[in-house]
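Grab a coffee and work through these exercises with the model open beside you. Each one sets a task and then walks through the solution.

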Number of protein chains: 2
Amino acid sequence: MRPENRRQVKELTLFRAMPDAAFDRLLAGSFFQRFPAHVVLIREGDLADFLHIVIDGGVELFSNWRDHETTISIARPISTFILAAVVKDAPYLMSARTLDASSILMIPSENIRTAMLDDSAFGVAMVDELAACFREIVKAQKNLKLRSGVERLANYLLRLDAEQRNDGRVVLPFEKKLLASLLNMTPENLSRAFATLKPYGVAVSAAAVEIANPGDLRRFAKPTPLIDDPKS
Amino acid sequence: MRPENRRQVKELTLFRAMPDAAFDRLLAGSFFQRFPAHVVLIREGDLADFLHIVIDGGVELFSNWRDHETTISIARPISTFILAAVVKDAPYLMSARTLDASSILMIPSENIRTAMLDDSAFGVAMVDELAACFREIVKAQKNLKLRSGVERLANYLLRLDAEQRNDGRVVLPFEKKLLASLLNMTPENLSRAFATLKPYGVAVSAAAVEIANPGDLRRFAKPTPLIDDPKS
DNA sequence: ACAGTCGCTTGATAAAAGTCAAGCGACTGG
DNA sequence: CCAGTCGCTTGACTTTTATCAAGCGACTGT
């Protein structure tokens, strides 16, 4: 791991308040590793030996049941994933695979748990992180239960537009197939959902999406901070 | 609040390790209140002033968007709810209403946050609680995204059967209307879902459900600990 | 006792989402 | 260069789910 990466990780709210020496102890026995795209990092049901942190690239968290598979979320740098399994010392509930070539830092679960007991500020940071994760997934749950597929897509596009701030020109950050799985629809259905949004000024060509008039789309999508605002 | 109630709350994993004096400080400024059925305790979007704990009765956590409403979860004694909003000092993401006549203990958010800073063992307990909540809702998400309505019902019945341990005789703990909302279907559809399960030995009469042969239902429902086991 | 409401069920119908099949264009490896 | 694969789209069709309407029985308040 390059010193710059160490610095980036240390900047996470989770570790920011930690004394340098404690952070070094935390990292003892960690691995920093580069993986190619589409490598499975974690299989659901396995025991949570390591806390994972995406330093570079991207990771898909997904799950299977019978012959179905669904994407739960996408982890982008710099962020942790599967924190909850680590603190509970329990089996992972989700699998994880790299989206692109990615750098991953793996910290032994044991280190996290002991650091938490030693350092109450770190405990507080963990509480904060877990609460944030919980709220994210509650929003995802509401999104899923209260909205139709087309509505989920419309609101997703508005979020991208807000993130990318490029005046209605949005580029999808990954394959449509994956987007479909994240939004809980089939790829065929996603295609049709884009077509449905055409009258609201949405034009797609490959990964580039143009939102002619965000106001129109907004009136259709009816976003609310209690579902769509990443903070809050 | 009766001394017995205090003892029950103190028994929660969240508070168990806390010294008695600290627990008293935590409860300073708390309210213990009885509410009739169907009273709204919390409105989503409001600021999280209090941590709520169900001492008796039951509470439905739900959410609205446009003209839709959905149940996110049910809180039964003795348990906390909306913990995440409290620690983030953020708006509630869900509304809450009593299901039956209920006793609720309300602890000022501020007390929780200061207790967390003062007492690192309490911080650890909070981490544990939040991680458990997170894992619960991840399972709910998988349940929702990977299974059909009938499959969700079948697995729900199996869980009730395991909880109630009454040899295939199960009693639904609340109205079918609410169950439908929890399972993300309409009441009409829930009726039909019960009918669909008839060939697998499921017979309904009002709130009483008889599972003639749990093995049959199990083969249909294909439960997995990674979705259906409340612990794990 | 009675009208009124409410929870639940059933049937008919409509809308949403999934499946199957085909085709197109981009990339990939021999 | 070419065959093969893969992501994506479109069309036809099926299945699932929601909506609308009606009816039944239990409970409620007058």
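## Exercise 1: Two domains in chain A

In chain A, 13 residues of domain 1 are in contact with 9 residues of domain 2, contact meaning heavy atoms within 4.5 Å.

A word on the ground rules: this is a predicted model, where local features need pLDDT of at least 70, side-chain atom pairs count only at pLDDT 80 or more, and totals for chains, interfaces and linings use all residues. Residues are numbered from 1 along each chain as its sequence is written, chains are lettered from A and ligands numbered from 1 in the order in which they are written, and side-chain values use heavy atoms, with hydrogens and water left out.

**Task.** Which residues bound the two domains of chain A, and how far apart do the C-alpha centres of these domains lie?

**Solution.**
- Step 1: mark off 3-144 as domain 1 of chain A and 148-228 as domain 2. These bounds come from an automatic or database domain assignment.
- Step 2: take the C-alpha centres of domain 1 and domain 2 of chain A, and you get 28 Å between them.

## Exercise 2: Strand S3 in both chains

**Task.** Work out which strands pair with S3(A), then do the job again for S3(B).

**Solution.**
- Step 1: find S3(A) at residues 50-56; 5 of its 7 residues are buried, that is, under 20% relative accessible area (exposed is over 50%, partly exposed in between; 1.4 Å probe, protein chains only). Strands here are DSSP runs of E, at least two residues, and helices are runs of H or I, at least four, numbered from the N terminus.
- Step 2: look for partners, keeping in mind that two strands pair if DSSP finds at least two bridges between them. S3(A) runs antiparallel to S8(A) (residues 102-108), with 6 bridges, and Ile53(A) has Leu105(A) as its bridge partner there.
- Step 3: turn to S6(A) (residues 79-81), which is antiparallel to S3(A) and joined to it by 3 bridges. Here Val54(A) is partnered with Ser79(A).
- Step 4: switch to chain B. S3(B), residues 50-56, also has 5 of its 7 residues buried.
- Step 5: S3(B) pairs antiparallel with S8(B) (residues 102-108) over 6 bridges, Ile53(B) being matched with Leu105(B). With S6(B) (residues 79-81) the antiparallel pairing has 3 bridges, and His52(B) sits opposite Phe81(B).

## Exercise 3: Helix H9 of chain B

**Task.** Which residues of H9(B) are buried, and what do they pack against?

**Solution.**
- Step 1: scan residues 214-221 of chain B, and you'll find Leu217(B), Phe220(B) and Ala221(B) buried.
- Step 2: ask where they point. They lie on the same side of H9(B), because their arc around the axis is only 90 degrees, taken from the directions from the helix axis to the C-beta atoms.
- Step 3: list the neighbours. In chain B the buried residues pack against H6 (149-164), H8 (187-197), S10 (202-205) and S11 (208-211), and in chain A against S4 (59-65).
- Step 4: check the ends. At the start of H9(B), a side-chain oxygen of Asn213(B) comes within 2.9 Å of the backbone nitrogen of Gly215(B). After the helix comes Lys222(B), with a positive phi near 45 degrees.

## Exercise 4: Salt bridges

**Task.** How many salt bridges are there over all chains, and where do the partners of a few of them sit?

**Solution.**
- Step 1: apply the rule, a side-chain nitrogen of Lys or Arg within 4 Å of a carboxyl oxygen of Asp or Glu. The count is 32 over all chains.
- Step 2: try Lys139(A) and Glu136(A), bridged at 3.0 Å, N to O. They're 3 residues apart in H5(A) (residues 120-146), so about one helical turn separates them. Lys139(A) is buried at 2% relative accessible area, while Glu136(A) is partly exposed at 31%.
- Step 3: go to Asp216(A) and Arg219(A), at 2.9 Å, N to O. Both belong to H9(A) (residues 214-221), 3 residues apart, about one turn. Asp216(A) is partly exposed at 29%, and Arg219(A) is exposed at 56%.
- Step 4: now Asp89(B) and Arg113(B), at 3.7 Å, N to O. This pair links distant parts of the chain, 24 residues apart: Asp89(B) is in the loop between H3(B) (83-88) and S7(B) (95-98), and Arg113(B) is in H4(B) (residues 109-118). Asp89(B) is partly exposed at 40%, whereas Arg113(B) is buried at 17%.
- Step 5: finish with a network of salt bridges that links Arg6(A), Asp20(A) and Asp24(A).

Definitions and conventions: A polar contact is a pair of N or O atoms within 3.5 Å; within protein, one must be able to donate a hydrogen and the other to accept it, and residues adjacent in sequence count only if both atoms are side-chain atoms.
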